[in-house]
Structures are given as structure tokens and as C-alpha cells.
Amino acid sequence: MTVVVWITEGSWPACVDAARAHTADGADIVLLHVTGHEVPAVAHGAFAGLLGRGHPERDPGTRLEHLADASAQDLLRAAAERLGRPCACLERGGRAEREVVAAAEGADLLVFARDGDRSRLGPKSLGPASRFVLDHAPCPVLLVWPEPAPGVATLPPEPPERGRPGNDVLR
């Protein structure tokens, strides 16, 4: 069994704990982190367009790329330690949602955490990237709450049924 665990800042401990709790000891676990290229690209562009013509050694985008790589490696190392069993660590770059779906191809399970409004139950508890991954995952998904889930009292009210007595119906 191959399990891919999407590691993100802020929610990775819950994902690692879920993978440890819900997979067999012999499972092949891949800890996946995706680093976006957006921030370094903006810094590269701003530097080239405004400040840095002729001085590529001063480009802050390069420094941001190195910081992102180091941060990803630290995060994966911490996740592997928390997992406490053999695993592979995979760092990818690009659009997170597409990289996660691609990395999950051929996996038996994908584990990741809710990343939206976690104060109530419902679809808004998923951000755009995790919604994309949930909708397009090529394997079963284990979706976890990074902290205890809110109670069912946080569900939105039911919509009124159309056409039943006592409900407002436009005619």
C-alpha cells in the first residue's frame, strides 16, 4: 500500500498523525511538500524590472528560492521524525493542487488537511487548492481536521423546501 501525505505549514502534524493511525506499519509512506513559485517569481520580476539591471547577484528572488527550499526540507524532516517509521520525502515545485494530484497517481491513499474556515462544518472548510485536490484525486482520500472538528451545531440551517405549506413560494 502506498500512502501520500500532503505536508503543509500549520496542518502537517494532523496529517502525519492520521497516516500513522490509519495505515499499516508496512505501508510505503511518501511525505509530499509543494513549494509554489509565485513569491520568488514576483521578487525576480520586481528586481529585474526596477532595480537590478546588470546585477543578477543581488536578485532577492534567488534568496527567496533558497529560503523556501530550506524551509521545505526542515518541514519534511520534522514530519518524518513525527511519523517515526521509514518513509520517503518528496519536494515538488509548482501549483500545489496540480502537483499533489500528480503525486497521488498510483497511490492507494492520499492524506491531507482542511485549510479553509475551520470554525464550522461545511464546504468552506476547504480552501481552493484542497478543494481541487479533493475533486480530482486519482485515489481514495483521507481528509483530516488539523484540530478537533467543530460541533454539528455549526452546520448552516437547512434551506426551506419549495412548495410545502408554510414556506414562502413565489408564484
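Modeller: A contact means heavy atoms within 4.5 Å. The model here is predicted. Take contacts between residues at least 6 apart in sequence: 73% of them join residues at least 24 apart.

Colleague: What are the helix and strand counts of the chain?

Modeller: There are 5 helices and 5 strands. Starting at the N terminus, the order is β-α-β-α-α-β-α-β-α-β.

Colleague: How much of the chain is buried?

Modeller: Of the 171 residues, 33% are buried. Buried means under 20% relative accessible area. The accessible surface comes to about 10400 Å², and carbon and sulfur atoms hold 56% of that surface.

Colleague: What makes strand β4 largely enclosed?

Modeller: Count its residues. Strand β4 covers residues 109–113, and 5 of the 5 are buried, so the rest of the structure largely encloses the strand. Leu-109, Val-111 and Ala-113 point one way, Leu-110 and Phe-112 point the other way, and all are buried.

Colleague: How do you know that β1 and β4 pair?

Modeller: Two strands pair if there are at least two bridges between them. Strand β1 (residues 2–6) and β4 have 3 bridges and run in the parallel sense. The conclusion is that they pair. In one of these bridges, Val-4 has Leu-110 of β4 as its partner.

Colleague: And how do you know that β4 pairs with β5?

Modeller: The test is again at least two bridges. Here β4 and strand β5 (residues 141–144) share 4 bridges, in the parallel sense. Phe-112 has Leu-143 of β5 as its bridge partner. From β4 the chain passes through helix α5 (residues 128–136) to β5, in a right-handed β-α-β crossover.

Colleague: Which handedness does the unit of β1, α1 and β2 have, and what does that word stand for?

Modeller: The unit of β1, helix α1 (residues 12–22) and β2 is right-handed. With the strands pointing away from you, the path from the first strand over the helix to the second runs clockwise. The strands β1 and β2 are also joined by 5 bridges and run parallel. Val-3 stands opposite Ile-29 in β2.

Colleague: What else describes β2?

Modeller: Strand β2 (residues 28–35) is mostly covered, with 7 of its 8 residues buried. On to strand β3 (residues 88–93): 6 bridges join it to β2, and the two run parallel. His-33 has Glu-91 of β3 as its bridge partner.

Colleague: How many aromatic pairs are there?

Modeller: The whole structure holds 1 aromatic pair. Its rings are those of Trp-6 and Phe-112, with centres 5.6 Å apart and planes at 50°.

Colleague: Why is this pair called tilted?

Modeller: Check the distance: rings pair if their centres lie within 6.5 Å, and these are 5.6 Å apart. Now the angle. Under 30 degrees would be stacked, and over 60 would be edge-to-face. The planes of Trp-6 and Phe-112 stand at 50°, so the pair is tilted. Trp-6 lies in strand β1 and Phe-112 in strand β4, so the pair ties together parts 106 residues apart in sequence. Trp-6 and Phe-112 are buried.

Colleague: What makes Arg-85 and Asp-25 a salt bridge?

Modeller: Their closest N and O atoms are 3.5 Å apart. The cut-off is 4 Å, so they qualify. The whole structure has 9 salt bridges. This one links distant parts of the chain: Arg-85 sits in the loop between α3 (60–83) and β3, Asp-25 in the loop between α1 and β2, and they are 60 residues apart.

Colleague: Buried or exposed: which word fits Arg-85, and which fits Asp-25?

Modeller: Buried is under 20%, exposed over 50%. Arg-85 has 13% relative accessibility, so it counts as buried. Asp-25 has 70%, so it is exposed.

Colleague: How do Glu-97 and Arg-95 fare on the same tests?

Modeller: Their closest N and O atoms lie 2.6 Å apart, and they form a salt bridge. Glu-97 is at 12%, so it counts as buried. Arg-95 is at 53%, so it counts as exposed.

Colleague: Why is Asp-117 called partly exposed?

Modeller: Partly exposed lies between 20% and 50%. Asp-117 is at 27%, so it falls in that range. Arg-120, at 43%, is partly exposed too. The side chains of Asp-117 and Arg-120 meet in a salt bridge at 2.9 Å, N to O. Elsewhere, salt bridges with shared partners join Asp-17, Arg-20 and Arg-82 into one network.

Conventions
Residues are numbered from 1 along each chain as its sequence is written. This is a predicted model: local features need pLDDT of at least 70, side-chain atom pairs count only at pLDDT 80 or more; totals for chains, interfaces and linings use all residues. Side-chain values use heavy atoms; hydrogens and water are left out. Buried means under 20% relative accessible area, exposed over 50%, partly exposed in between (1.4 Å probe, protein chains only). Rings of Phe, Tyr and Trp (its six-membered ring) pair if their centres lie within 6.5 Å; planes under 30 degrees apart count as stacked, over 60 as edge-to-face and the rest as tilted. Accessible areas come from the Shrake-Rupley method with a 1.4 Å probe; for residues, only the protein chains shown count as cover.
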